[in-house]
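Me: Please take a close look at a single part of this predicted model, namely the lining of its largest cavity. How do the residues there divide by class, and what surrounds them?

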Amino acid sequence: MNETQIKTIGIPRGLMAYRNGHLWKKFFENLGFNCIVSGRSSRQLLDAGIERAADETCLPFKIYLGHVMELLGKCDVIFVPRMGGFTSREKMCTRYESLPDLIYNIFKDEQIRILSVSYDWDTPVKESGVFLELGQKLERKRRDVKKAYAAAKKYQEQILKEREKRQEDLLNESHIKILMAGHPYVLHDAYMGRELERIFKNLGASVLFTDYVSREAAVKRSYHFSQNMPWLINREITGGILLNRSKVDGIVLVSAYPCGPDALVNDMLVRKIKDVPLLQLTLDAQNGTAGLETRIESFMDIIQYQKAGGYGNQH
């Protein structure tokens with residue numbers, strides 16, 4: 001790839017951008033590139049993505065396509081990594097493994113230019129090695145790439161620690177505490193999880209998230225739940241639940257239809273978590289969060305009733 005032709009790199013605000021977006025953006029900026037991140041999700045953006053997607057694809061992917069469309073013509077390349085996971089025990093959903101090919105073929109007529117990097121669990125590599133390869137694709141010197149990655153990683157870790165600290169402070173509040181559990185791109189997307197967060201807050205609850213805990217601690221704790229679960233993000237979600245289940249008043253499992261890993265893991269969670277009220281919410285492209293407010297209000301009523309001793313000490 002000819003670096004001299006690249007000045008601006010676009011990052012779609014979807015999928016793993018909600019997990020690694022700060023790292024990506026800061027890395028590119030540290031190497032001297034301009035970065036454009038697409039705007040917040042909306043019904044209009046989703047509708048645009050639906051027109052390009054196959055019917056059976058998941059809601060987050062349809063939203064992602066809308067974000068890619070928003071960036072067309074506004075940047076020199078769009079960053080679309082192929083992520084397969086770093087270890088055989090912590091893999092990624094196949095959607096991430098095929099993402100660059102999907103985006104290239106869906107937007108072939110627009111002659112989309114994609115900047116990508118690829119890694120998979122069957123070829124041992126560390127995150128630093130992936131970014132070194134990415135920087136070399138952009139024709140930057142090895143020492144500059146290493147420096148850019150180290151600074152970007154430090155920046156990301158600072159943000160994650162600040163999130164953890166804010167969440168720990170929320171645990172000390174007297175409000176009803178709700179733990180929202182799900183993929184970061186569902187929990188924090190303006191069209192999906194953020195609407196649910198708004199509803200809970202309007203009902204007087206403090207909202208916590210499974211991805212606002214230490215990733216390493218969450219993954220380690222997840223092995224207490226399952227030794228065989230293959231998906232890294234679902235491990236982080238599960239570990240985030242286990243680390244906080246005794247500290248919150250209710251748990252909400254938020255999934256986007258039709259997510260295969262969530263369908264399997266959430267079923268196991270519902271079967272095993274019996275000591276705290278749990279609500280399952282599944283979002284789809286037809287309705288989004290419409291119609292869920294009544295279910296959330298009922299869930300809050302149950303929690304308040306229990307806290308008031310409405311069920312006594314039944315064991």
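Reply: In this predicted model, the lining of the largest cavity divides into seven nonpolar, three polar and five charged residues. These make up a lining of 15 residues, and those nearest the centre of the cavity are Pro184, Thr210, Asp211, Arg215 and Glu236. The volume enclosed is about 110 Å³.

Several helices contribute to this lining. At least two residues each come from helix 1 (17–30), helix 7 (142–170), helix 10 (215–222) and helix 11 (232–244). Helix 11 gives the most, with three residues.

Two of these contributors, helix 1 and helix 7, also pack against each other, at an angle of about 145° and with their axes 8 Å apart. Their crossing is right-handed. On the helix 1 side, the contact is made by Arg19, Asn20, His22, Leu23, Lys26, Phe27 and Asn30. Helix 7 answers with Val145, Ala148, Tyr149, Ala151, Ala152, Lys153, Tyr155, Gln156, Ile159 and Arg163. By class, this contact comprises nine nonpolar, four polar and four charged residues.

The structure holds three cavities of 30 Å³ or more. The second largest has about 50 Å³ of space, and its lining comprises nine nonpolar residues, one polar residue and no charged residue. Among the residues that line this second cavity are Ala17, Trp24, Tyr64, Met83 and Leu99. The lining of the largest cavity, by contrast, includes five charged residues.

How values were computed
Residues numbered from 1 in each chain as written. Predicted model: local features only at pLDDT ≥ 70, side-chain atom pairs only at ≥ 80, totals over all residues. Heavy atoms only, no water. 1 Å grid on protein atoms, 1.4 Å probe; cavity = no way out; pocket = protein on both sides within 12 Å on 5 of 7 lines; lining within 4 Å. Points joined across faces, edges and corners; volume = space filled by probe spheres on them. Helix = DSSP H or I, 4+ residues; strand = E, 2+ residues; numbered from the N terminus. Nonpolar A, V, L, I, M, F, W, Y, C, P; charged D, E, K, R; others polar. Axes fitted to C-alpha atoms, helices over the stretch in contact; angles between N-to-C directions. Left-handed = near helix turned anticlockwise from the far one by under 90°. Contact = heavy atoms within 4.5 Å.
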